[in-house]
Amino acid sequence: MYLDNHRILKTVVICVIAVAMNVLTMYIFYNWMKIPLFFDTIWTVAVVFYSGLVPGLCVSLAYNAINALIWTMQQGFFDPFIMLYAVCGVLIVFSTWIFARRKEEFQISVPVTILYLFLIALLSSFCTIVAGGIIDFFHYKYYEIPDMMNPIKKFTESFVHQQFSLLASCILGQIPISFLDRLLATFSGFGIYSLARKFLKEN
């Protein structure tokens, strides 16, 4: 019983730290350094590797709820579409977990690890490109796309100017930012997981 309670408490603490670090990382890289990537799922990926599917989902949903709250406080009104982007976070968690649950295979060799991480980045970026593009499509129709999505907004508008449909433009506009963001987040998240496992002396 003690071990179970200790494991639960440890997982809760890890999730709280991961949510806070997602917020901090996004603020530092996107808001402060003005790098046109989101950087808001690095710690979510790390939690999926370290603690599994359910904790990863908790971190993702909690971050999106906090992000929506921050957005509402900054803008002075509630945009329901901000919450819909939680779908992208959930898809990222699931697409990462599909491979991350086979931890023993990541230890075969460095090339195998890199291959798996690249596959995770490809699958998760595909999911976020399609889901994010569809959400953006309805977001454009009913609300103004927020400035925090400005990099994707510029790509989307460039496709619209090339006479692509709005839906196609929203999906295509997601590709460059989402793929690079997923690639960096996947490798960085795995790196954090690896460091945490060594620091906590876990096999």
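Helices, in the sense used here, are DSSP runs of H or I that cover at least four residues, and they are numbered from the N terminus. With that convention in place, L200 can be placed in the segment after α9. The model described in these paragraphs is a predicted one.

A look at the overall fold makes a good starting point. The protein has 9 helices and 0 strands, and reading along the sequence gives the pattern α-α-α-α-α-α-α-α-α. The C-alpha trace spans about 55 × 40 × 30 Å along its principal axes. For 203 residues, a compact globule would be expected to have a radius of gyration near 17 Å, and the 18 Å found for the protein agrees with that. Of the 203 residues, 42% are buried. Among contacts between residues at least 6 apart in sequence, 71% join residues at least 24 apart. The surface that the protein exposes comes to about 11,100 Å², with carbon and sulfur atoms supplying 73% of it.

The interior can be taken next. The largest nonpolar core has 21 residues, and those with the most contacts inside it are V47, F49, V59, F106, L117, I120 and F190. At least two residues of this core come from each of α1 (2-32), α2 (42-51), α3 (53-75), α5 (86-100), α7 (110-142) and α9 (166-199). Helix α2 gives the largest share, 5 residues. Apart from this core lies another, of 7 residues, among them L37, F38, F39 and I42.

I120 offers a handy viewpoint on the surroundings of the largest core. Once neighbours within four places in sequence are left aside, I120 is in contact with F49, S95, T96, F99, F106 and T186. Two of these partners, F49 and F106, are listed with I120 among the core residues that have the most contacts inside it.

T44 gives a second viewpoint, this time from helix α2. T44 counts as buried because its relative accessibility is 4%, and the cut-off for burial is under 20%. Beyond its neighbours within four places in sequence, T44 is in contact with N22, G56, V59, S60 and V93. Of these partners, G56, V59 and S60 are among the buried residues of α3.

Helix α3 itself deserves a closer look. Its 23 residues should span 33 Å at 1.5 Å a residue, and the 33 Å between its end C-alpha atoms agrees with this. The buried residues in α3 are L53, P55, G56, L57, V59, S60, Y63, N64, N67, A68 and W71. Just after this helix, G76 takes a positive phi of about 85°.

The stretch leading from α1 into α2 holds some backbone details that are worth finding in the model. N31 is in helix α1 and is partly exposed, with a relative accessible area of 29%. Although N31 and G52 are 21 residues apart along the chain, their C-alpha atoms are separated by 30 Å. In the loop between α1 and α2 sits K34, a residue other than glycine with a positive phi near 65°. F39 lies in that loop between α1 and α2 as well, and F39 also has a positive phi, of about 55°, although it is not a glycine. Is each of these two residues buried or exposed? K34 counts as exposed because its relative accessibility is 62%, whereas F39 is buried, with a relative accessible area of 10%. F39 is also one of the residues of the 7-residue core.

Charged side chains can be dealt with briefly. Side chains of opposite charge can pair when their charged atoms come close. The structure holds 1 salt bridge, in which the side chains of D181 and R182 meet at 3.6 Å, N to O. Both D181 and R182 are buried.

The account closes where it began, at L200 in the segment after α9. L200 counts as partly exposed, at 40% relative accessibility. Residues up to four places away in sequence not being counted, L200 touches K10 and Y50.

Terms used: Residues are numbered from 1 along each chain as its sequence is written. This is a predicted model: local features need pLDDT of at least 70, side-chain atom pairs count only at pLDDT 80 or more; totals for chains, interfaces and linings use all residues. Side-chain values use heavy atoms; hydrogens and water are left out. A nonpolar core is a set of buried Ala, Val, Leu, Ile, Met, Phe, Trp, Tyr and Cys residues joined through side-chain atoms within 4.5 Å. Buried means under 20% relative accessible area, exposed over 50%, partly exposed in between (1.4 Å probe, protein chains only). Contact means heavy atoms within 4.5 Å. The expected span of a helix is 1.5 Å times one less than its number of residues. A salt bridge is a side-chain nitrogen of Lys or Arg within 4 Å of a carboxyl oxygen of Asp or Glu. The radius of gyration is taken over C-alpha atoms; the globule rule is 2.2 Å times the number of residues to the power 0.38. Accessible areas come from the Shrake-Rupley method with a 1.4 Å probe; for residues, only the protein chains shown count as cover.
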